[in-house]
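Here are some exercises to work through at your own pace. Try each task yourself before you read its solution.

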Amino acid sequence: MSTTARIRPARLAPRLLMHAGLIAGAIVMLYPLLWMVSSSVKPNNQIFTDLSLWPRELRLENYSDGWSGIGVSFRTFFLNSFVISTLSVIGNVLSCSITAYAFARLEFRFKSFWFAVMLMTLMLPLHVLLVPQYVLFRNFGWLDSILPLTVPNFLATDAFFIFLIVQFIRGLPRELDQAAEMDGASPWQVYWQIIVPLCVPALVTTAIFTFIWSWNDFLSQLIYLNSVDNYTVSLGLRLFLDSVGVSSWGPMLAMSTLALIPVFVLFLLFQRLLVEGIATTGLKG
Amino acid sequence: MDQLAVSSKPMGDAAISPGGRTRAIKRSTKKQLYGYLFLAPWLIGFFVLTAGPLFASLYYSFTDFDLLTSSNWVGLSNYTEMFTEDDRYFTSLKVTLTYVVFSVPLSLAFSLLVAMVLNQKLAGMSFYRSVYYLPSLLGGSVSIAILWRQVFGGDGIVNRALAAIGIDGPSWISSPDYALDTLIVLHVWQFGAAMIIFLAGLRQIPQDLYDAAAVDGAGLLSKFARITVPMLSPVVFFNLVLGIIGAFKAFTPAYIVSGGSGGPLDATLFYTLYLYQKAFTSFEMGYASAMAWILLLIIAFFTTLTFVSGKYWVHYGD
């Protein structure tokens, strides 16, 4: 007992040191974000001169100026982004869970072959497919529409999520679906009534990551959307930067802040699931 | 691959019991059918959106395809032009490799270090974890790239902090010497996702190993070298592969920071950015396809290298 009593004060110092280091690190990590939020409500001339994060003078007009700053309102961009991200989420959740169920529970010829193929597509850099997919969608007459950005999600092209859900289903007890099969349930019923309800955590993780990735996406939106009315938030921000640019940093940063809010809210609501989602797929890889 | 395919066969045969052979066969064909029915969306996606385009792009890479006029077979000339005449191609290769070589190991080191500190059962651990994780969710967005333009601009906050200690910093973003460094910093700033994976990996290491080592008088360093590193090596490996692939694919920050040009003086001309310019600005789609295939080969090379070398340093338990 006496030894532990002696060890304790010695351990307190490194512990405090670790806290100090972690807090310093946290400040460095968060400072750019906090600076952005605070600059978004500062007058233009104070953004670069006023060092403090707390604005001396509130200028909320940055938000209204930015919102309608480039002809087309950011309302349009936000709506477009929401439609694309929501459809992507629906597509990914449905198609990836159906595919994952087939791989995890059904028996069919060449299953391991297709599974290996699916895993290989995980490694494939999308840039190899960029040009031919563009040609394909152009032939379909899909350019400048949301179709190239959403339809692929309904065809389970995001192998990462298939893998995530497969891992999750493999962890579920087989007795449940076997019992249902004994009672004459079809695979479709097993999928819809047993697997899907049990998979909710994995499906929510899929939904949130899909939303965030699609919300943050830039390259494919840049390629497929041409008219400003179809622009997403990412493209709207780029247009803002090109047209108004350096002359109005306040409204620019205000819109950049707004663009991060949906992702930030999802992070606050679901951080435990996000963290677990990464941890499990990472480990079992 | 064939071996893998064969291995699923015995399972199908096992279902056939001597009693109800026909019924079992009927059930098993039905099962086959269901299997492919459920797999159908993925199979369509795979053939139409992945496999088809993959071969199409290989074909385009041997043509002068430009989307508008009819294309001609040009043999290997796209590839030879790339490696013998196109200086910007070499620049983009150099920029990307520099980016990968610095940002991947740096963010691995950071994420491992922070994960090990957070694994010490400190109070407030989940708060720190959230704070460090957040940038990796936001980092790929246009917003953050715009913010970065400001943070490392001539009168940005980095230079203001430097001015406070008497250093007159350059305009990092618009200097050919430093522009790429700011993007490497942006990449490292997003180390949180890898940190979470490390943290989960550290939790899996049984505490008895450390206790036993402590009994034998092992110090902190030898515990790290002999227990943590080997036990964690599969996770390091996983993060390394993901990190390399992710870094090669980076596009948004370079595009936003340079206004799509890859400047100043091509200092941020990422491979993906140059590919985008070739394909969608000058519509040299045959050339862009050849570039894409070389990128595929480069990534495959690095991934294979990691896998092969992994035999010597990745420890998968006994």
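## Getting started

From the N terminus on, the elements of chain A run α-α-α-α-α-α-α-α-α-α-α-α-α-α. The model is predicted, and local features need pLDDT of at least 70, side-chain atom pairs count only at pLDDT 80 or more, while totals for chains, interfaces and linings use all residues. Residues are numbered from 1 along each chain as its sequence is written, and chains are lettered from A and ligands numbered from 1 in the order in which they are written.

## Exercise 1: the two chains

**Task.** Find how many helices and strands there are in chain B, and then look at how spread out each chain is.

**Solution.**

Step 1. Helices (H or I, at least four residues) and strands (E, at least two) are DSSP runs, numbered from the N terminus. Chain B has 15 helices and 0 strands.

Step 2. The radius of gyration is taken over C-alpha atoms, and the globule rule is 2.2 Å times the number of residues to the power 0.38. For the 318 residues of chain B the rule gives 20 Å, but the radius of gyration is 26 Å, well over that, so chain B is more spread out than a compact globule. Its C-alpha trace spans about 90 × 75 × 35 Å along the principal axes.

Step 3. Now turn to chain A, with its 14 helices and 0 strands. Chain A has a radius of gyration of 24 Å, where a compact globule of 285 residues would have one near 19 Å. The box that its C-alpha atoms fill is roughly 80 × 70 × 35 Å, taken along the principal axes.

Step 4. A residue is buried if 20 or more other C-beta atoms lie within 10 Å of its own, exposed if 12 or fewer, and partly exposed in between; C-beta atoms are placed from the backbone. Buried residues make up 42% of the 285 residues of chain A and 38% of the 318 residues in chain B.

## Exercise 2: where the chains meet

**Task.** Work out which helix of chain B gives the most to the side that touches chain A.

**Solution.**

Step 1. Two residues are in contact if their C-beta atoms, placed from the backbone, lie within 7 Å. In this way 75 residues of chain B are in contact with 68 residues of chain A.

Step 2. On the chain B side, helix H3 (residues 21-60) gives the most, with 18 residues.

Step 3. For classes, Ala, Val, Leu, Ile, Met, Phe, Trp, Tyr, Cys and Pro count as nonpolar, Asp, Glu, Lys and Arg as charged, and the others, Gly among them, as polar. The side of chain B that touches chain A has 51 nonpolar, 20 polar and 4 charged residues.

## Exercise 3: a loop residue

**Task.** Decide whether Ser141(B) is buried or exposed.

**Solution.**

Step 1. Locate Ser141(B) in the loop between helix H6 (125-138) and helix H7 (142-151) of chain B.

Step 2. Ser141(B) has 25 C-beta neighbours inside 10 Å, so this residue counts as buried.

Step 3. Leaving aside neighbours within four places in sequence, Ser141(B) is in contact with Asn216(A), Ala259(A) and Leu260(A).

Step 4. Ser141(B) and Pro253(B) are 112 residues apart along the chain, yet their C-alpha atoms are separated by 8.0 Å.

## Exercise 4: two crossing helices

**Task.** Describe how H4(B) and H15(B) are placed relative to each other.

**Solution.**

Step 1. Axes are lines fitted to C-alpha atoms, for helices over the stretch in contact, and angles run from 0 to 180 degrees between N-to-C directions. The axes of helix H4 (residues 77-84) and helix H15 (residues 285-313) of chain B come within 9 Å and cross at roughly 70°.

Step 2. Angles under 35 degrees count as roughly parallel, over 145 as roughly antiparallel, 65 to 115 as roughly perpendicular and the rest as oblique. H4(B) and H15(B) are therefore roughly perpendicular to each other.

Step 3. Asn78(B), Tyr79(B) and Met82(B) in H4(B) meet Gly286(B), Tyr287(B), Ala290(B) and Met291(B) in H15(B). By class, this contact has 5 nonpolar, 2 polar and no charged residues.

## Exercise 5: a covered helix

**Task.** Find how many residues of helix H14 (residues 271-281) of chain B are buried.

**Solution.**

Step 1. H14(B) is mostly covered, with 8 of its 11 residues buried. Among them are Tyr271(B), Leu275(B) and Lys278(B).

Step 2. The buried residues of H14(B) pack against helix H6 (127-139) of chain A together with H5, helix H12 (220-249), helix H13 (252-258) and H15 of chain B.

Step 3. After H14(B) comes Phe283(B), with a positive phi near 55°.
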